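Trainee: I'd like to practise going from values to words today. Could we look at a model together and ask what lies behind each label?

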Amino acid sequence: MGSHGRREFGVVLSDEKDTAVKNAAIKIVKIAIREFAVPCPRSGSIDANSGYGEASSQGIEIHQLIQAKREKEDSDYQAEVKIAREFERGEYLFQVEGRMDGFFDHQTPKIEEIKSTFALTKLSVTLSENHFDHPYSLQLQTYGYFYYLDHGVVPELAFYLVSTRNRESEEMGIELDIEGYEAWLELRLEELVEQARLAEKRVARRKKISKSFAFPFEKPRSGQIELIETVEQGIKDNQRMLVQAPTGLGKTVGVLYPSLKEALSRGQRVVYVTPKNSQHTVAEDAIEQFQNTGSPVKSLTITAKSKMCFKAEPLCNPTYCEFARDYYTKVAQNDLLTELSKKKKLTRRTFKALGEKHEVCPFELQLEAVPEADTVICDYNYVFAPQSALRRLPPMSFAQEGKPNLVVDEAHNLPSRAMDYYSPSLSSVVLSYMREDIRKLPRRIGKEAEELLDECIQVINGNKPIGATRHTEVKLDLDEFVKMDVKLRGLLSKYLESDIEIQPKDVILKLTFYWGSFTDILQGITESERPEFFTTFQPHPTGGVVKITCCDASEMLKSAYDDFSQVVAFSATLKPFDYYAKLSGLKESNLKVAEFQSPFEKSNRKLLIIPQISTKYSDRERNYSRIAETITRISALMPGNYVAFFPSFDFLEKVLALFSLPAGFQIVKQERSMHANDSEAILEHLKTGAPTVVFAVQGGIFSEGVDYPGDMLVGAFVIGPPLPHFDVERETMRKYYDEHYEKGFDYAYAYPAMAKSVQAAGRVIRSEKDRGVIVLMDGRFLEASYTQSMPQDWFKESARELVSTSILKEVAEFWEKPV
Ligand code: SF4
């Protein structure tokens with residue numbers, strides 16, 4: 001039999017209207033075969049071969065290569081053949097649909113499923129033993145069974161297993177056991193009826209909450225009503241939004257309230273993302289307000305794997321980790337998902353306690369609890385990083401309309417964070433530091449590991465252009481990196497199979513992950529032309545660093561937004577909007593932007609620009625003492641706490657060396673690397689009332705994501721826009737931005753710097769009672785490239801209004817004015 005055109009098998013799935021005619025009470029549930037064909041009850045362990053996860057991008061590529069090869073070899077082969085079936089159970093009609101990897105239209109038809117894996121033999125043994133306990137086998141049998149129902153012919157079923165390590169392959173046939181399959185099918189359909197009923201209840205609960213979902217305060221703050229109305233209107237008009245709102249407006253509740261209300265009205269949830277775990281508290285507090293004022297929304301905060309893991313290393317397989325072993329079996333046996341669904345607040349403590357009690361992985365449990373939660377608070381990673389964890393969740397989308405809403409907090413961080421995901425580097429110095437730990441390993445592994453470490457260093461150093469003494473753009477040879485990656489993965493499997501105990505911060509894991517994540521991205525950018533990526537070599541006295549730089553992650557971000565109905569990104573610094581819209585992947589015809597002004601009296605703030613001071617590289621030397629003196633003299637006018645925010649630590653130290661403390665003041669300084677406890681101690685010190693000048697850097701722990709309530713701060717000095725270093729990497733970025741956005745300098749230097757300066761300046765006034773002085777030092781703060789980033793309420797017409805001819809007098813008068 002020949003192949004003629006594109007085939008589709010199975011019943012034509014009826015749409016809601018047809019079914020409604022057939023049976024007015026029936027409810028349609030659409031379900032993908034991957035989601036449908038799982039053991040009932042679920043069983044198995046957390047493992048790369050568990051069959052519950054999404055295919056990796058590497059796996060997808062291997063699939064496509066094999067399918068192309070099959071098509072060439074056999075004219076009766078067709079790839080990606082759609083197959084579907086409907087099953088009626090209880091009040092539901094389950095529409096099950098999927099795609100077979102390959103179909104051979106032979107005398108006896110054959111269905112082939114391609115599975116790629118790192119551990120080929122292991123997967124082969126697992127599959128040959130488990131016909132009804134492994135999702136892969138059930139998936140293949142489901143294709144076979146559906147085909148049999150359509151044609152009355154039992155097809156051949158085969159796996160094509162392929163190694164991602166060395167491309168070795170194995171074909172493995174399995175029998176379609178119709179009787180066994182039908183027994184499983186009965187159980188599974190019963191289970192699906194239960195799940196659908198639960199999903200229906202969840203949706204009904206959300207819709208009910210939405211109807212009486214109240215604003216959690218008696219009176220919204222000034223400006224907050226407008227913010228809520230703006231977001232509500234944007235949602236109504238189906239517009240994605242970028243909202244700039246200053247501190248004090250109550251912006252978290254202002255954005256979350258309308259987003260959540262609308263999501264709940266569709267039976268959906270909100271995913272609230274922040275750049276740092278430490279910023280989760282603000283959102284958690286807002287949710288608590290909703291809960292305390294009578295809205296029983298269920299909240300879940302996702303904590304990073306490294307913080308949740310019970311083992312020395314998060315090495316998730318059943319051989320190493322008892323919490324991964326039989327995870328799915330234990331979760332089902334103990335009915336843990338039902339237990340989780342009864343809780344209102346799901347935090348780290350809940351998952352750890354359950355994990356400990358039932359010997360199951362607490363991190364994985366968090367992800368399983370997501371469907372039941374009405375709000376999910378997590379780091380950007382879970383939505384935007386490659387292979388993000390939330391993306392692999394199968395949604396039981398039944399009865400809910402559309403998709404969840406996404407709220408992005410501190411959104412000025414998004415462009416650079418997203419670029420970082422795709423900008424890995426490999427350093428020979430970092431690798432050399434691993435040598436000491438490798439030498440502590442038993443010789444049977446340590447010797448080979450050290451030889452491979454040397455080879456890795458050679459590959460890096462081999463990319464140094466002859467005679468290069470500076471950071472230089474280079475072309476990297478993908479093959480070299482892939483070959484090394486294959487060798488390291490071979491070492492890793494030997495290591496994991498040995499009896500050597502895995503230690504915290506295990507060096508072999510670190511080495512293979514370090515190399516592997518670089519190679520994955522290099523592979524992605526080498527195989528397709530990507531102008532937003534480039535590669536460089538930075539020489540070092542003992543070697544060098546090869547780096548991939550992504551200077552525009554907007555395309556990747558765009559695809560992440562596809563998982564959401566509405567997107568609201570907000571921050572106190574999102575200007576110019578056009579820059580953030582483009583680099584955040586939000587630039588589209590119906591994007592809505594809105595800026596809100598500070599709700600506090602302008603007279604409580606003295607904002608000044610001192611253009612006579614220059615922090616340009618060539619002028620710095622001459623200006624250090626002027627800057628030191630300005631800080632001393634302005635601080636002396638009013639005892640209290642001040643922070644001087646510098647563009648870099650070098651700069652900070654130069655000024656500090658010349659600085660004279662005003663009488664009665666103390667001084668503290670941010671260190672280059674500072675433990676959280678030490679920075680906490682400084683913040684505590686600022687509460688003591690002892691006048692203090694803090695020397696800190698812009699873009700650091702004291703200038704973003706930190707609050708100084710009440711009298712904790714009476715002044716901030718922002719010393720120059722902290723322009724990124726002028727080097728080959730930045731200059732290549734500038735070229736890219738020039739070509740794509742016609743604003744090379746602004747995108748590469750001015751706007752990223754101003755985001756930090758405006759954040760630093762925003763620390764002073766945090767409540768209506770706060771009074772304070774903000775002094776920006778540098779003439780560039782008057783130039784258009786920089787003023788475009790300033791909030792609307794800083795000046796009326798021009799930033800020149802902030803220049804004073806008698807600074808000390810004006811500041812003294814400001815402090816003398818009665819409150
Ligand atoms: S406890 Fe740690 S190692 Fe075990 S499955 Fe969870 S994250 Fe992985």
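Trainee: Which residues does Ser163 touch, leaving out those up to four places away in sequence?

Mentor: Ser163 touches Thr117, Phe118, Leu120 and Glu168. Do keep in mind that this is a predicted model. Ser163 itself lies in strand 6, residues 156–163.

Trainee: How far apart are Ser163 and Leu120, in sequence and in space?

Mentor: They are 43 residues apart in sequence, with 5.5 Å from C-alpha to C-alpha.

Trainee: Why is Ser163 called buried?

Mentor: Buried means under 20% relative accessible area. Ser163 has 3% relative accessibility, so the word applies.

Trainee: And what makes Gln366 count as buried?

Mentor: The cut-off is again under 20%, and Gln366 is at 0% relative accessibility, so Gln366 counts as buried too. Gln366 has its place in helix 14, residues 362–368. Setting aside neighbours within four places in sequence, Gln366 is in contact with Leu300, Thr301, Ile302, Thr303, Met308 and Phe351.

Trainee: On to the sheets. What is the strand order of the open sheet of eight strands?

Mentor: The order is 11-10-12-9-13-18-8-19, and the pairing is parallel. Strand 11 (345–346) and strand 19 (592–595) are the edge strands, as each pairs on one side only.

Trainee: How do you know that strand 9 pairs with strand 12?

Mentor: Two strands pair if there are at least two bridges between them. Five bridges join strand 9 to strand 12 (residues 375–379), and the two run parallel. On the other count, four bridges join strand 9 (residues 270–274) to strand 13 (residues 405–408), also parallel. Val273 shows both pairings: its bridge partner in strand 12 is Cys378, and its bridge partner in strand 13 is Val408. Val270, for its part, has Asn405 as bridge partner in strand 13.

Trainee: What makes you say that both faces of strand 9 are covered?

Mentor: In a regular strand, side chains alternate between the two faces of the sheet. Here Val270, Tyr272 and Thr274 are on one side, Val271 and Val273 are on the other, and all are buried. Five of the five residues of strand 9 are buried, hence "mostly covered".

Trainee: Why do strands 14 and 15 count as edges in the sheet of four strands?

Mentor: That open sheet has the order 14-17-16-15, with antiparallel pairing. Strand 14 (425–427) and strand 15 (472–473) each have a single partner strand, so one side of each is left without a neighbour in the sheet.

Trainee: How do you know that strand 14 pairs with strand 17?

Mentor: Pairing needs at least two bridges, and three bridges join strand 14 to strand 17 (residues 543–550), running antiparallel. One of the bridge partners in strand 17 is Val546, facing Leu426.

Trainee: Which helix lies across strand 15, strand 16 and strand 17?

Mentor: Helix 26 (residues 728–741), which runs at about 165 degrees to strand 16 (533–540).

Trainee: Lastly, how many cavities of 30 Å³ or more does the structure hold?

Mentor: Three. The largest has a volume of about 370 Å³. Of its 25 lining residues, Pro246, Ser598, Arg605, Gly762 and Trp794 are the closest to its centre. Helix 27 (residues 744–761) gives the most to that lining, with three residues.

Trainee: How do the lining residues of the largest cavity divide by type?

Mentor: Into 11 nonpolar, seven polar and seven charged residues.

Key. Residues are numbered from 1 along each chain as its sequence is written. This is a predicted model: local features need pLDDT of at least 70, side-chain atom pairs count only at pLDDT 80 or more; totals for chains, interfaces and linings use all residues. Side-chain values use heavy atoms; hydrogens and water are left out. Contact means heavy atoms within 4.5 Å. Axes are lines fitted to C-alpha atoms, for helices over the stretch in contact, and angles run from 0 to 180 degrees between N-to-C directions. Buried means under 20% relative accessible area, exposed over 50%, partly exposed in between (1.4 Å probe, protein chains only). On a 1 Å grid over the protein atoms alone, a cavity is a set of points where a 1.4 Å probe fits but cannot get out, and a pocket is an open set with protein on both sides within 12 Å along at least five of seven lines; lining residues have an atom within 4 Å of a point. Grid points are joined across faces, edges and corners, and a volume is the space filled by probe spheres set on the points. Ala, Val, Leu, Ile, Met, Phe, Trp, Tyr, Cys and Pro count as nonpolar, Asp, Glu, Lys and Arg as charged, and the others, Gly among them, as polar.
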